[in-house]
Amino acid sequence: MAIDEINRDGLFGEAFKQAVYELADGQRVRTCIQCGTCSGVCPFGYWMDLAPRQMVRTLREDKLDRSKAADTVWLCVSCYACATACPQQIPLTTALISRTREELLLSGDIPHELQSALENSQRYGNANGESPRKRANWIKDSIPPVRLISKVKRPIDVLWYVGDYTSYHPRVQKSAQALVRVLSALDVDFAILGHDEVSDGDSQRLAGESGLFEMLAEKNSRAFSKYDFNEIITTDPHAFNALKNEYPRLGFSFPVRHYTEFLADRIDDLKPLMNHDVNALVTYHDPCYLGRANNIYDEPRSLLEAIPGVVLVEMSHNRSHSLCCGNGGGGLWLQSYQWERTGNRLAEWRVREALRAGPEKTFSSVIGEKKKRKAYRKEKQLPETRILAVACPYEAPCFEEAAKLLPEASDLQVKDIAELLAEALGE
Ligand code: SF4
Ligand code: SF4
């Protein structure tokens with residue numbers, strides 16, 4: 001259905017309902033049994049004007065002005081929890097929420113901070129509003145050095161799609177450097193695009209800007225097509241999701257793996273190289289777009305388990321039940337909006353949960369329990385160091401920030417899996 005046709009009928013008219021039904025699996029919306037599972041698992045469901053179940057109901061009842069006015073549309077962090085738990089397999093995240101956002105964008109009715117991120121993406125090719133010329137600055141002092149694919153002048157094995165956040169955020173650049181060390185230790189023949197790379201566009205798409213997503217996807221795909229390589233690896237699960245599932249819908253197909261998948265495949269080569277004992281109790285946060293959206297749960301865990309001295313423990317919400325960090329699907333650009341309406345940060349919930357992962361579940365995360373926890377670790381001979389391991393560039397900065405705000409989390413470290421591997425390599 002053409003956008004013009006939707007606008008003629010009026011925003012959120014019958015045409016909008018039909019447009020949702022016409023999306024992939026959109027017809028499933030008709031089969032909703034109003035069980036409320038989606039609202040129950042939604043991390044922001046409690047605070048939303050209309051919880052996901054009610055969003056479906058208003059759509060079916062044609063009370064669509066209510067959906068338009070609801071804060072649900074912008075509180076949603078596109079975490080896939082509702083769609084994964086729905087017994088009717090209704091694509092709430094990709095069909096209902098994204099489509100509603102698209103309509104609000106067309107009418108210009110969007111939060112200011114999101115507007116800036118989208119304008120930056122359009123103008124600079126990254127949501128941060130950074131100069132495209134500085135995209136590869138992080139490799140300037142890299143040891144070992146990182147090559148730009150344009151300078152290699154021969155076919156290479158791996159093209160690393162670095163992504164916005166990794167290229168520009170100082171904290172995430174450290175994780176990138178760690179991955180450089182791991183790839184180099186494995187003698188991987190890799191290079192990056194550098195200035196030719198733009199945002200993967202997945203978060204812009206989920207925020208409702210499908211036109212911008214298509215433009216970014218086309219730019220990246222044109223850049224990929226200039227070079228000869230065997231596969232792409234990504235640092236960002238959102239980029240991985242875009243390249244794997246969304247670019248092919250536009251006719252751009254490239255072999256792609258998340259870096260944890262790529263490294264897990266080489267675990268037998270990695271193991272003999274890891275001779276430094278990390279000695280820590282580690283819990284792993286499943287990123288929504290690696291786990292729920294793409295079913296990758298075992299590879300990151302197998303890497304962690306291979307690290308000497310790591311005792312891997314699970315949080316209460318793990319694998320497909322993982323809690324979102326709050327940054328996906330444009331959530332990164334809507335943090336003030338989330339805070340104003342809910343007074344909650346999802347990252348803080350997750351950090352509290354990380355403190356109680358594994359055998360220490362019985363301890364609450366209040367400050368007074370910290371001493372008891374320490375004594376328990378000593379008695380059970382558990383490592384004193386506690387690490388929250390991540391595999392998405394959005395996560396280390398946001399969990400570290402959350403840990404700073406929680407006095408009981410002062411001894412929790414947040415590390416990307418690549419950083420833990422590099423540490424085990426003695427790098
Ligand atoms: S979980 Fe699925 S079936 Fe149940 S209310 Fe939500 S959308 Fe409807
Ligand atoms: S995708 Fe996540 S945040 Fe959005 S409605 Fe579903 S459960 Fe809630």
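These are my notebook entries on two ligand shells, a helix and its surroundings, and a few backbone details in a predicted model.

**Entry 1. Ligand 1**

I began with the residues around ligand 1. The shell has 15 residues, and the closest are C32, C35, T37, C38 and C86. I then asked which helices contribute. Helices α3 (37-41) and α4 (52-60) each supply at least two residues of this shell. The largest share comes from α4, with three residues. By class I noted 10 nonpolar residues, four polar and one charged around ligand 1.

**Entry 2. Ligand 2**

I did the same for ligand 2. Here 16 residues surround the ligand, and C42, C76, C79, A81 and C82 come nearest. The elements that give two or more residues to this shell are α7 (81-85) and α8 (92-106). Helix α8 gives the most, with three residues. The shell around ligand 2 has 13 nonpolar residues, three polar and no charged ones.

**Entry 3. S78**

I looked up S78 for its backbone. S78 is not a glycine, yet its phi is positive, at about 50°. S78 sits in the loop between α6 (72-75) and α7, the helix that I had already noted as giving residues to the shell around ligand 2. Is S78 buried or exposed? I counted 28 other C-beta atoms within 10 Å of S78. The cut-off for buried is 20 or more, so S78 is buried.

**Entry 4. K153**

K153 also has a positive phi, about 60°, and is not a glycine. Its place is the loop between α10 (149-152) and β1 (156-161). K153 has 7 C-beta neighbours inside 10 Å. Exposed means 12 or fewer, so K153 counts as exposed.

**Entry 5. P144**

I checked the peptide bond from I143 to P144 and found it cis, with omega near -5°. P144 is in the loop between α9 (112-124) and α10.

**Entry 6. Helix α20**

Next I went to helix α20, residues 346-355. How many of its 10 residues are buried? The count is seven, so the helix is largely enclosed by the rest of the structure. The buried ones are L346, A347, R350, V351, E353, A354 and L355. I noted that R350 and E353 are in this list beside L346, A347, V351, A354 and L355. As for what encloses the helix, its buried residues pack against β5 (280-284), β7 (386-390), α22 (395-405) and β8 (412-416).

**Entry 7. V351 and the core**

I followed V351 out of α20. Leaving aside neighbours within four places in sequence, V351 is in contact with L388, F399, A402, A403, L406, A409 and L412. The largest nonpolar core has 124 residues, and V351 and F399 touch the most other members of it. Helix α12 (residues 170-185) gives the most to this core, with seven residues. V351 and F399 are thus in contact with each other as well, since F399 is listed among the contacts of V351. 

**Entry 8. Strand β5**

I turned to β5, one of the elements that α20 packs against. This strand is mostly covered, with four of its five residues buried. Which strands pair with β5? One partner is β6 (residues 310-313), parallel to β5 and joined over four bridges. Another is β7, also parallel, with four bridges. I noted one residue pair for each partner. L281 has V311 as its bridge partner in β6, and Y284 stands opposite A389 in β7. Between β5 and β6 I traced helix α18 (residues 298-306), and the three elements make a right-handed β-α-β unit.

**Entry 9. L312**

I closed with L312, which lies in β6. L312 and T283 are 29 residues apart along the chain, and their C-alpha atoms are separated by 5.7 Å. Not counting residues up to four places away in sequence, L312 touches V282, Y284, R301, L304 and E305. L312 has 17 C-beta neighbours inside 10 Å. Buried would need 20 or more and exposed 12 or fewer, so L312 counts as partly exposed.

Key: Residues numbered from 1 in each chain as written. Chains lettered and ligands numbered in written order. Predicted model: local features only at pLDDT ≥ 70, side-chain atom pairs only at ≥ 80, totals over all residues. Contact = placed C-beta atoms within 7 Å. Near = placed C-beta within 6 Å. Nonpolar A, V, L, I, M, F, W, Y, C, P; charged D, E, K, R; others polar. Pairing = 2+ DSSP bridges. Right-handed = clockwise from strand over helix to strand, strands pointing away. Core = buried A, V, L, I, M, F, W, Y, C linked by C-beta atoms within 7 Å.
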